[in-house]
Structures are given as C-alpha cells and as structure tokens.
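Welcome! Take a moment to look over the sequence and turn the structure around, and then let us walk through it together.

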Amino acid sequence: MVLIQLRQSLSNFLEGCSRLLVLTVGNELRSDDGFGPYLASIISRDVSERGHLLINAGTVPENFTGRIRSERPSHIIIVDAVEMGEEPGTIMLIDRERISEYSISTHAMPLSFLVKYLEEQSGCRVTLIGVQPENLEFGMELSARVRGAAYELRDLLLSAIDAASCSKSPPI
C-alpha cells in the first residue's frame, strides 16, 4: 500500500517535468548512509537513457549547486538515508515543509537549506525521498533491508518517470 501511494505521489510530483535531475546523497563509509550512492550506481544508466540527469553528490550536495543550476532541471528528486523512526528499508517521500523534522546528520549543510536554495535559485520543483537506515556505523556494506529498498526504489522511480511521460529534452 505504501509503495502504491509513493508511486502516485511521485507521479504527481513529476507532472509537467521537462528535465529531471536525481540527486543522490550519502556517505559510502557509514553503512546504510551509502544508500544514495548505491542507488546511483544501479540507476544511472536507466536515468540517462531516458534523457534525464543523475548526480551522486556524496556527502557534499551543496558543492553541486552550480552544476545543478547550469543543467536547468525542472524537477529534482533528492535521495538520502533519513532517520524517520520507521522500519529499516522503509521508503518515504518527505514533504519539503517537513524535511527539517528528520535527522539527516552526515552532511555539512542541512538538506532543508539545500532544497530552499535550489527552489529559489533555479525555480525547479524539489522533493526528497528518504529510506530508513538500519545501521550507520562505519562500514561499506548496506544492510539487507536497505539494499532491497534500493532495488524497490529503482523500479519505482523508473516506473514513475515513464508514467509521467517526462519529456526527453536534450541538454540546453
């Protein structure tokens, strides 16, 4: 049920999309915080084949704001591990008004500031998809639940992109 609601929310978010940018965030050295970079590794080709962009920003998404502005996306989906108090592997679309309520502590700049900045500077729509981590200790392996969530989210994102008929405009 939750995935059906998430698919619908993503489809609604992607209405009017002309150029999508998926921005993954996370620290590959802190177990499940590496969710974003791992997702980037399994979805990059599919996103680019659909004519969209993917940036794996690691732990410093603020360092990519110039590139993001120059790419001129109409929509940005930020993906990160987020402490939401849910079962490990739970995937949620987080309302931009509620981003600051969640714990996203491995980044220099709070994602709520980044979202506000990107919206103001580029005029694009921005949303955050979070996955509940199980383990944030030092290590390079994702937990089984979070790894499984990466594949669920890959399928969900690609399905939503296809269903929303995001145009495949060439870079400007």
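## A first look around Val115

Leaving aside residues up to four places away in sequence, Val115 touches Ile78, Arg96, Ile99 and Val126. Keep in mind as you read that this is a predicted model. Val115 belongs to helix H4, which covers residues 111–122. Is Val115 buried or exposed? Its relative accessible area is 2%, under the 20% cut-off, so Val115 counts as buried. Glu62 is 53 residues away from Val115 along the chain, and the C-alpha atoms of the two are 10.0 Å apart.

## The sheet

Now for the strands. An open sheet is formed by 5 strands, in the order E2-E1-E3-E5-E4, and its pairing is mixed. E2 and E4 are the edge strands, each pairing on one side only. From one strand to the next, the twist averages 20°.

Here are three of the pairings, each with a bridge partner to look for:

| Strands | Sense and bridges | Example of partners |
|---|---|---|
| E1 and E3 (residues 75–81) | parallel, 5 bridges | Val22 and Ile77 |
| E1 and E2 (residues 53–56) | parallel, 4 bridges | Leu21 and Leu53 |
| E3 and E5 | parallel, 7 bridges | Val79 and Ile129 |

Two helices to find against these strands are H1 and H4. Helix H1 packs on the sheet, where it touches E3, E4 and E5, and its direction makes about 35° with that of E4. Helix H4, the home of Val115, lies across E1, E3 and E5 and runs at about 170° to E3.

## Strand E1

Strand E1 spans residues 20–24, and 5 of its 5 residues are buried. In a regular strand, side chains alternate between the two faces of the sheet. Which residues of E1 point which way? Leu20, Val22 and Thr24 point one way, while Leu21 and Leu23 point the other way, and all are buried.

E1 pairs with E2 in the parallel sense. To get from E1 to E2 the chain passes through helix H2 (residues 35–49), and this β-α-β crossover is right-handed.

## Helix H5

Helix H5 takes up residues 144–163, 20 residues in total. From its first C-alpha to its last, H5 reaches 29 Å, close to the 28 Å expected at 1.5 Å a residue. The buried residues of H5 are Val146, Ala149, Ala150, Leu153, Leu156, Leu157, Leu158, Ala160 and Ile161. What covers them includes helices H1 (2–13) and H2, together with strands E1, E3, E4 (91–94) and E5 (125–131).

Conventions. Residues are numbered from 1 along each chain as its sequence is written. This is a predicted model: local features need pLDDT of at least 70, side-chain atom pairs count only at pLDDT 80 or more; totals for chains, interfaces and linings use all residues. Side-chain values use heavy atoms; hydrogens and water are left out. Buried means under 20% relative accessible area, exposed over 50%, partly exposed in between (1.4 Å probe, protein chains only). Two strands pair if DSSP finds at least two bridges between them. A crossover is right-handed if, with the strands pointing away from the viewer, the path from the first strand over the helix to the second runs clockwise. The expected span of a helix is 1.5 Å times one less than its number of residues. Contact means heavy atoms within 4.5 Å. Axes are lines fitted to C-alpha atoms, for helices over the stretch in contact, and angles run from 0 to 180 degrees between N-to-C directions.
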